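Open the model in your viewer and keep the selection panel at hand. The stops below say what to pick and what is there.

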Amino acid sequence: IFAEIMKDYMDAHSVSEEQLATIAVTEYCNARHNPYAQMQKVQITVDQAVKIEGINRYIVDGLPLKTYDCSQITDGYAALILATEAGLKKLGVAKADCIEIAGFAQATDPLMKAGRDVLRPAGAYRAMNDAYRMAGVKPADVNVAEIHDCFTVMGAIGTEVLGKAEYGQGAQYWVEGKARADAECGINTSGGLIAKGHPVGATGVAMIGWSAWQLLGKAPKELQVKNPRVAATFNIGG
């Protein structure tokens, strides 16, 4: 289905394979500085990401999804502790050493592609906007984000779900360099699922953990977002 979604996205928004490949290239560059990234020692260029050669191949004949557009199947685990202020006192943990989860939401879409807009997933937008409302923030306030880039096209769509790019402009956001750690909003500075890795089941918690490090100023210096304000995560499954 994601190979079809990639083609649909490219056709609907006049986006090229090279533009989507920029997402993967940016994330591989980030992963180089993340000691926990699966693909830490692998670097690629846009030319490599689009050229059908060696390990890079089309996953489905006639569709544009390629090896370098895909996330890694990764072993890993993630954990977090949720506590009230009273709970922090019992644990002996200072608030300054924590981050606040100010808003969260969950929504469900039909699993079948038929009958829904896969390029503008209603459930994802509903959950993201509900979380923003609970937190009392707007997309413009967010300058740290981790999104579910199981494939490059989802990195583009996820950037739109965040509200950092208009509908159809998610890939262009990356092409313009706005998703870099030193730019408008550091998106997937961990390397994302594509280069950090995709430990299915632990992925969403890992996003929150990396975002917490960013907000606390504990990310690797090459990846640390300056003056982190608000972090947003977007995780999907199904």
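Start with helix 9, and colour Thr203, Gly204, Met207, Trp210, Ser211, Ala212 and Gln214: these residues are buried. Keep in mind that this is a predicted model.

Now show what lies over them. The cover of the buried residues in helix 9 includes strand 1 (142–147), helix 8 (192–196) and strand 3 (230–234).

Next, check the helix length. Select the C-alpha atoms at the two ends of helix 9 (residues 203–215): they are 19 Å apart. With 13 residues at 1.5 Å a residue, the expected span is 18 Å, so the two values agree. Step just past the helix to Gly217, where phi is positive, at about 75°.

**The pocket beside the helix**

Which helix gives the most to the lining of the second largest pocket? Helix 9 does, with seven residues. Helix 4 is also on the list: helix 4 and helix 9 each supply at least two lining residues. The pocket holds about 1,200 Å³ of space. Its lining counts 38 residues. To centre the view, select Ala79, Leu80, Ile208, Gly209 and Ala212, which lie nearest the pocket centre. Ala212 is also one of the buried residues of helix 9.

**Aromatic rings**

Show the aromatic side chains. The structure holds four aromatic pairs. Pick Tyr28 and Tyr68: the ring centres are 6.2 Å apart and the planes stand at 85°, so this pair is edge-to-face. The two residues are 40 apart in the chain, with Tyr28 in helix 2 (residues 17–31) and Tyr68 in the loop between helix 3 (46–50) and helix 4 (85–91). Are they buried or exposed? Tyr28 has 2% relative accessibility and counts as buried. Tyr68, at 15%, counts as buried too.

Return to helix 9 for Trp210. Ring pairs join Trp210 with Tyr36 and Trp213 in a cluster.

Then select Arg120 and Tyr167. Arg120 lies over the face of the Tyr167 ring, 3.7 Å from the ring centre.

**Ser71**

Go back to the loop between helix 3 and helix 4, and select Ser71. Its relative accessible area is 16%; the cut-off for buried is under 20%, so Ser71 is buried.

What does Ser71 touch, leaving out residues up to four places away in sequence? Show Asp149, Cys150, Leu193, Ile194 and His198. Finish with a distance: Asp61 is ten residues from Ser71 along the chain, and their C-alpha atoms are separated by 19 Å.

Conventions: Residues are numbered from 1 along each chain as its sequence is written. This is a predicted model: local features need pLDDT of at least 70, side-chain atom pairs count only at pLDDT 80 or more; totals for chains, interfaces and linings use all residues. Side-chain values use heavy atoms; hydrogens and water are left out. Rings of Phe, Tyr and Trp (its six-membered ring) pair if their centres lie within 6.5 Å; planes under 30 degrees apart count as stacked, over 60 as edge-to-face and the rest as tilted. Helices (H or I, at least four residues) and strands (E, at least two) are DSSP runs, numbered from the N terminus. Buried means under 20% relative accessible area, exposed over 50%, partly exposed in between (1.4 Å probe, protein chains only). A charge sits over a ring if NZ of Lys or CZ of Arg is within 6 Å of the ring centre and within 35 degrees of the ring normal. The expected span of a helix is 1.5 Å times one less than its number of residues. Contact means heavy atoms within 4.5 Å. On a 1 Å grid over the protein atoms alone, a cavity is a set of points where a 1.4 Å probe fits but cannot get out, and a pocket is an open set with protein on both sides within 12 Å along at least five of seven lines; lining residues have an atom within 4 Å of a point. Grid points are joined across faces, edges and corners, and a volume is the space filled by probe spheres set on the points.
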